[in-house]
Amino acid sequence: MNGKYALGILLTSLLLGAVMLYVFPLIHLISGGTGSATAIFTYSRAVLWIVLFTVFLYSFMIEKQPFLLWKDKAYSSGFYLKKIFSLYLICAVGGAFLNLLIKFATQENTSGKLLQLSHVFRNNYALIIFTCLTAGAVEELLMRGYLQPRIEKIYDNRYAGIIVSALLFGILHSAYGTVGQVVVPCFIGIVFAVFYKIYSNIKILMICHFLYDFVSLMMMNFMDIKHLSVF
């Protein structure tokens, strides 16, 4: 079974890496260069749902195991609210602090790709919501729900599941082209992975991830992104 888990981890990593590297030029090629930046970005988010469905089929048909190896635990609504708020606060404050340190140490500029995307999201609230839903659902189900428990089982080490899944999460954001856009997702990945290991509830992570991205994109929508580079 560990061999099937390893193949599933490799499959997931390759598919996500391919999306990160090739989905934009591929969609641009298919559209004959006539597609708008908004349409191309929307299609790229849709491709992530296809990746999730593919990995789900792999777990069901090849592994013959539940997609979520760790059964979600039930908690009260008060627990949900408290944990979502605390996770968001840790990620927002910790991420801002790390970005400040990186900017002080490297003097790096705001991601050029992020600047381009800021124009795509401008007043496009449907795209903002779709993007945040995709990030919250697809990324959490794949990185924490699918990968983390399987990495832990292969290495028989809880820390391996936390660290490797967080590193992969950070690397998948490297397309933005800055150190901060790798380090901060790595930090968030560690926070989320530790939470998932302790509480085994993917829904809280999905909601928190959605909220984190939604607040960030809404701030980017109403303010100059250069003033938000700390986030």
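**Entry 1: a pair in helix 7**

I began at helix 7 (residues 180–199), where F195 and Y199, being four residues apart, are separated by about one helical turn. For helices I use the DSSP runs (H or I, at least four residues; strands are E runs of at least two), numbered from the N terminus.

The model is predicted, so I note that local features need pLDDT of at least 70 and side-chain atom pairs count only at pLDDT 80 or more, while totals for chains, interfaces and linings use all residues. Residues are numbered from 1 along each chain as its sequence is written, and side-chain values use heavy atoms, with hydrogens and water left out.

**Entry 2: the nonpolar patch and F56**

I looked for nonpolar surface and found a patch of about 600 Å², to which F53, F56, L57, F60, M61 and I62 contribute. A patch here takes residues with over 30% relative accessible area and no salt bridge, joining nonpolar side chains (Val, Leu, Ile, Met, Phe, Trp, Tyr) within 5 Å and like charges within 9 Å; the areas are Shrake-Rupley values with a 1.4 Å probe, and for residues only the protein chains shown count as cover.

Of the patch members I followed F56, which belongs to helix 2 (residues 37–63). F56 counts as partly exposed because its relative accessibility is 39%, the classes being buried under 20%, exposed over 50% and partly exposed in between (1.4 Å probe, protein chains only).

**Entry 3: aromatic pairs**

I then turned to the rings, and the structure holds ten aromatic pairs. The rule pairs rings of Phe, Tyr and Trp (its six-membered ring) with centres within 6.5 Å, and calls planes under 30 degrees apart stacked, over 60 edge-to-face and the rest tilted.

One of the pairs is that of F56 with F67, which is tilted, with 6.1 Å from centre to centre and 40 degrees between the planes. Since F56 lies in helix 2 and F67 in the loop between helix 2 and helix 3 (77–106), this pair ties together parts that are eleven residues apart in sequence. F67 is buried, at a relative accessible area of 10%.

The helix 7 pair of F195 and Y199 is also an entry here: it is tilted, at 4.8 Å centre to centre and 35 degrees between the planes. F195 is buried, with a relative accessible area of 5%, whereas Y199 is partly exposed at 22% relative accessibility. I also noted that F195 and Y199 belong with Y75 and F79 to one aromatic cluster.

**Entry 4: arginines over rings**

Which residue lies over the face of F41? I found R45 there, at 4.7 Å from the ring centre. In another place R144 lies over the face of F169, at 4.5 Å from the ring centre. A charge is taken to sit over a ring if NZ of Lys or CZ of Arg is within 6 Å of the ring centre and within 35 degrees of the ring normal.

**Entry 5: salt bridges**

Counting a salt bridge when a side-chain nitrogen of Lys or Arg is within 4 Å of a carboxyl oxygen of Asp or Glu, I get four salt bridges.

Among them is the bridge between the side chains of E63 and R150, at 2.9 Å from N to O. E63 lies in helix 2 and R150 in helix 5 (residues 125–155), so the pair ties together parts that are 87 residues apart in sequence. Where do E63 and R150 stand, buried or exposed? I find both of them buried.

A further bridge joins K203 to D72, with the closest N and O atoms 2.9 Å apart. This pair links distant parts of the chain, 131 residues apart, with K203 in helix 8 (residues 202–222) and D72 in the loop between helix 2 and helix 3. K203 counts as partly exposed at 38% relative accessibility.

I also looked up E152 and K197, whose side chains meet in a salt bridge at 2.8 Å, N to O. Here E152 in helix 5 and K197 in helix 7 are 45 residues apart, and the pair links distant parts of the chain. E152 counts as buried at 15% relative accessibility, while K197 is partly exposed at 29%.

**Entry 6: T12 and Q116**

T12 sits in helix 1 (residues 2–30) and is buried, its relative accessible area being 1%. What is T12 in contact with, leaving aside its neighbours within four places in sequence? I list V55, L142, Y146 and L147, contact meaning heavy atoms within 4.5 Å.

Q116, in helix 4 (residues 112–121), is exposed, with a relative accessible area of 57%. I noted last that the C-alpha atoms of Q116 and A37 are separated by 9.2 Å, although these residues are 79 residues apart along the chain.
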